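I opened this entry to record what I looked up in the structure. My notes follow the order in which I worked.

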Amino acid sequence: MNPQPKSTHQGINRRQFIAGAGTAAVGLTLLKPQLAFGDVANRKLDIGVIGCGGRGQWVVKHFAENGNFNIVGCADYFQDKVDAMGEKFGIPAARRFTSLSAYKRLLEQKLDAVIVTSPPYFHPEHAAAGLDAGKHVYCAKPIAVDVPGCHSIAASGKTATAKKLVFLVDFQTRAHPSHQEAVKRVQAGMIGDLVSVDCGYQTGLVFATVDAALRKDPKNPELRLRAWGSDRTLSGDVITEQNIHALDMAAWYLDAAPIRAYGTGGRKRDYVGNCWDHFAVILYFPKDIVVSFSSKQVGFGYDDIMCRVFGVNGTADAHYSGEIMVRARDDIYNGGKASTIYSEGVTINVKTFYDSITKGDYTNPTVAPSVRSNLTTILGRTAAY
């Protein structure tokens with residue numbers, strides 16, 4: 001187990017942070033899309049999957065239920081993962097590929113699109129490879145675990161548009177109509193000039209099963225890959241891998257990126273992995289707006305993903321799977337409770353993905369805000385470390 005860095009409270013300038021981290025050299029060969037618009041307008045699309053774990057199987061279920069996709073191939077490092085995916089969705093054994101480079105063999109197949117649900121560390125490489133092979137890409141969040149990875153995804157978004165390919169990043173809140181309306185009203189000035197934001201991601205213990213397996217043989221690299229959720233290199237730590245939902249909402253409401261951050265955090269749970277289980281970060285945004293963020297991934301009794309925006313004339317109070325409301329002195333918006341957003345958001349995104357492909361919409365609007373949110377989590381994480 002790697003020793004944990006000491007918490008510091010030094011401010012970090014965003015420009016210095018990104019410049020110091022460097023950028024990835026991304027050179028993608030521009031190929032013609034494998035299929036023209038007219039070829040896909042009236043038929044089911046053939047799609048492959050990179051990453052066949054629990055999240056991958058759950059997302060693919062929504063593609064299968066959509067009815068407009070054929071699940072025709074899958075790739076993962078582990079044989080048991082591809083077999084589980086294959087048996088569940090009728091993928092022939094010959095189209096179940098394993099090894100770290102299995103995605104390359106999958107992309108050699110006749111596919112219209114690919115779903116990227118591998119551990120976040122691999123997302124930039126897998127997304128770029130999919131686009132390079134002329135496939136449309138549906139990518140899980142977070143899009144990367146570091147700054148070079150974020151720059152790679154940003155470049156891939158531009159490449160996708162230039163090649164007339166769809167590249168969609170799967171955030172559920174941004175796809176939900178009630179959350180969209182709340183943000184629209186705040187940005188239109190319903191609660192007046194913004195003062196501050198409070199956001200958080202509080203949950204109980206997760207990844208306990210894979211940690212129990214890893215502690216039996218902590219130096220086993222295959223077990224480390226299975227336990228990627230408690231490995232900061234593979235996951236980006238909890239602030240990037242999971243807490244991004246809350247920080248994404250804050251950046252969405254403000255339509256901006258933070259300038260600098262102060263942070264702290266640590267760990268209380270007894271895990272073999274090196275991820276922290278709680279963070280507390282202050283982020284400074286343009287127009288002197290301060291965002292106060294906190295998270296935990298340990299304990300019991302309180303779970304919430306929320307973003308509360310305070311203006312001089314009112315407040316927006318939004319919860320990932322709870323109430324969504326904007327209150328002003330002379331107006332109120334009650335968006336109800338987004339109790340099924342975890343599934344509903346993916347359902348909407350899968351439909352949007354299909355519609356964008358078949359209608360020829362290659363604007364790819366989810367990429368840039370996903371990069372911004374990812375960089376926000378990395379800034380906060382680095383300040384805390």
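**Helix H7 and the sheet**

I began with burial in helix H7: Val-147, Gly-149, Cys-150, Ser-152, Ile-153, Ser-156, Gly-157, Thr-159 and Ala-160 are buried. The model is a predicted one. I noted as background that an α-helix has 3.6 residues a turn, so residues three or four places apart point the same way.

I then checked the extent of H7, which covers residues 147-162 and has 16 residues. From its first C-alpha to its last I found 23 Å, close to the 22 Å expected at 1.5 Å a residue.

I looked next at the two ends of H7. At its start, a side-chain oxygen of Asp-146 comes to within 2.8 Å of the backbone nitrogen of Gly-149. Just after H7, Lys-164 adopts a positive phi of about 60 degrees.

I turned to the sheet and asked in which order its strands lie. I read the order E4-E3-E2-E5-E6-E7 for an open sheet of 6 strands with parallel pairing. Strand E4 (96-98) and strand E7 (167-170) are the edge strands, each pairing on one side only. I recorded an average twist of 20 degrees from one strand to the next.

At the E7 edge, strand E6 (residues 136-140) pairs with E7 in the parallel sense over 4 bridges. Tyr-138 stands opposite Leu-168 in E7.

I finally listed two helices that pack on the sheet. Helix H3 (residues 54-66) touches strands E2 (45-50), E3 (69-76), E5 (113-116), E6 and E7, and its direction makes about 165 degrees with that of E3. Helix H6 (residues 123-132) touches E2, E5, E6 and E7, and its direction makes about 165 degrees with that of E6.

Definitions and conventions
Residues are numbered from 1 along each chain as its sequence is written. This is a predicted model: local features need pLDDT of at least 70, side-chain atom pairs count only at pLDDT 80 or more; totals for chains, interfaces and linings use all residues. Side-chain values use heavy atoms; hydrogens and water are left out. Two strands pair if DSSP finds at least two bridges between them. Axes are lines fitted to C-alpha atoms, for helices over the stretch in contact, and angles run from 0 to 180 degrees between N-to-C directions. Contact means heavy atoms within 4.5 Å. The expected span of a helix is 1.5 Å times one less than its number of residues. Buried means under 20% relative accessible area, exposed over 50%, partly exposed in between (1.4 Å probe, protein chains only). A polar contact is a pair of N or O atoms within 3.5 Å; within protein, one must be able to donate a hydrogen and the other to accept it, and residues adjacent in sequence count only if both atoms are side-chain atoms.
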